[in-house]
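Got your viewer open? Load the model below, switch on sticks for side chains, and follow along one selection at a time.

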Amino acid sequence: MHKGTMLEGKVAVITGSGRGIGRDIALQMSAQGARIVVNDIGASVSGEGNDASPGQEVVEEIRTRGGEAVLSTDSVSDWKAANRIIQCAADNFGRIDIVVNNAGILRDRLFFNMSVEEWHAVIDVHLHGTFYVSRAAAPHFKTQQSGAYVHMTSTSGLIGNLGQANYGAAKLGIVALSRSIAGDMKRYNVRSNCISPFAWSRMIGSIPTETPEQQARVAKLQKLDTAQIAPVAAFLASDAAADVTAQIFAVRGNEIFLMSQPRPVRGMHTAEGWTPETIAERVLPAMKPSFFPLETSNIVFSWDPV
């Protein structure tokens, strides 16, 4: 692997880095000179079970390549455990410079069948976990007047997806959290950005393949390597991205997209004020051409690889 220096002297905590995108980010950041806390509880895609071996294998791989890494098996979904993840960096390396919130699980279910437990399980890992780990690192970032957050979002939240109300809500919530962190911590030279990744991993390995169309879609997705996400994460964590904050980048293969963020697209005003009738008569016809179309199939298909 090519050795770089963009993260020389920095310490990175990467959650969910025992496999997939997180593993590749850990390897990439180590290759750029960072010391790594590999955090992974070793659970299944649905968040069940514990196995330290995937995370330990990444630690050993980093060390074999000449880097420095330690393992944390604490869960991001618990406040005290999340603090231990950050403390692991401080105890082993004396500081913390980068937080990558990558840990995640899935409990897919159509909204009208989704259980309260399925809702909470996904929100706890993705949204609460991102807050807990980020919040635990914040005092360190404030004290040293520097730091970088990289959060994983998804088009399931940015655009929408069937059967993922819990996941989509969490992922769009992470965007709002990232923007708030960026605003609150700008005075301390701390940045916060999101990546929306497209890559074949365990997290999307459960996509149905019952029809020829679904099989063709999965075949295209399988060509997208998780390693293609890692360079963007390393860049956002580096000093080269000192002026980049509160942004959302989508990465699909060798393509990088800067995603739009909510802005007014059309407006109307009346001196008399509005009534339900005048809204129906005047506002709706003017606004409706700007509505985002909801497809009857999967509304993220337009983002699939071509």
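**Stop 1: Ser17**

Start by selecting Ser17, whose side chain comes 2.7 Å from the backbone oxygen of Ile14. That is a polar contact, here a pair of N or O atoms within 3.5 Å; within protein, one must be able to donate a hydrogen and the other to accept it, and residues adjacent in sequence count only if both atoms are side-chain atoms. Before going on, know that this is a predicted model: local features need pLDDT of at least 70, side-chain atom pairs count only at pLDDT 80 or more, and totals for chains, interfaces and linings use all residues. Residues are numbered from 1 along each chain as its sequence is written, and side-chain values use heavy atoms, with hydrogens and water left out.

Ser17 sits in the loop between strand E1 (11-15) and H1. Helices (H or I, at least four residues) and strands (E, at least two) are DSSP runs, numbered from the N terminus. Is Ser17 buried or exposed? Ser17 counts as buried because its relative accessibility is 0%. The cut-offs are under 20% relative accessible area for buried, over 50% for exposed, and partly exposed in between (1.4 Å probe, protein chains only).

Now show what surrounds Ser17. Leaving aside neighbours within four places in sequence, its contacts (heavy atoms within 4.5 Å) are Gly22, Arg23, Ala26, Val37, Val38, Asn39, Asp40 and Val58.

**Stop 2: the Arg23 network**

One of those contacts of Ser17 is Arg23, so select Arg23 next, which is partly exposed at 26% relative accessible area. Which residues share a salt-bridge network with Arg23? Add Asp24, Glu61 and Arg65 to the selection, and the network is complete. A salt bridge here is a side-chain nitrogen of Lys or Arg within 4 Å of a carboxyl oxygen of Asp or Glu. Side chains of opposite charge can pair when their charged atoms come close.

Take the Arg23 pairs in turn:

- Arg23 to Asp24: the closest N and O atoms are 3.2 Å apart, and Asp24 is buried at 12% relative accessible area.
- Arg23 to Glu61: the salt bridge is 3.0 Å, N to O. This pair links distant parts of the chain, with Arg23 in helix H1 (residues 20-31) and Glu61 in helix H2 (residues 53-64), 38 residues apart. Glu61 counts as partly exposed, at 22% relative accessibility.

**Stop 3: Arg84 and Asp74**

Jump to Arg84 and Asp74, whose side chains meet in a salt bridge at 2.9 Å, N to O. Arg84 is in helix H3 (residues 79-93) and Asp74 is in the loop between strand E3 (69-72) and H3, 10 residues apart. Arg84 is partly exposed, with a relative accessible area of 44%. Searching the whole structure turns up 10 salt bridges.

**Stop 4: rings and a nonpolar patch**

Select Trp79, Phe131 and Tyr132 for a cluster linked by ring pairs. Rings of Phe, Tyr and Trp (its six-membered ring) pair if their centres lie within 6.5 Å; planes under 30 degrees apart count as stacked, over 60 as edge-to-face and the rest as tilted. The whole structure has 3 aromatic pairs.

Then switch to a surface view and colour Leu110, Phe111, Phe112 and Leu162, which make a nonpolar patch of about 500 Å². Patches are made of residues with over 30% relative accessible area and no salt bridge: like charges are joined within 9 Å, nonpolar side chains (Val, Leu, Ile, Met, Phe, Trp, Tyr) within 5 Å. Areas come from the Shrake-Rupley method with a 1.4 Å probe; for residues, only the protein chains shown count as cover. Leu110 is in the loop between strand E4 (98-101) and helix H4 (116-144), and is partly exposed at 42% relative accessibility.

**Stop 5: two positive phi angles**

Most residues other than glycine have a negative phi. Go to Gln145, where phi is positive at about 60°, in the loop between H4 and strand E5 (147-152). Asn189 also has a positive phi of about 60°, in the loop between helix H6 (165-185) and strand E6 (190-198).

**Stop 6: Gln261, then zoom out**

Last residue: Gln261, in the loop between strand E8 (255-258) and helix H9 (276-287). A polar atom of the Gln261 side chain lies 2.8 Å from the backbone oxygen of Ala246. Gln261 counts as buried, at 13% relative accessibility.

Finally, show the whole protein chain as a cartoon: 9 helices and 8 strands. Buried residues are 48% of its 306 residues.
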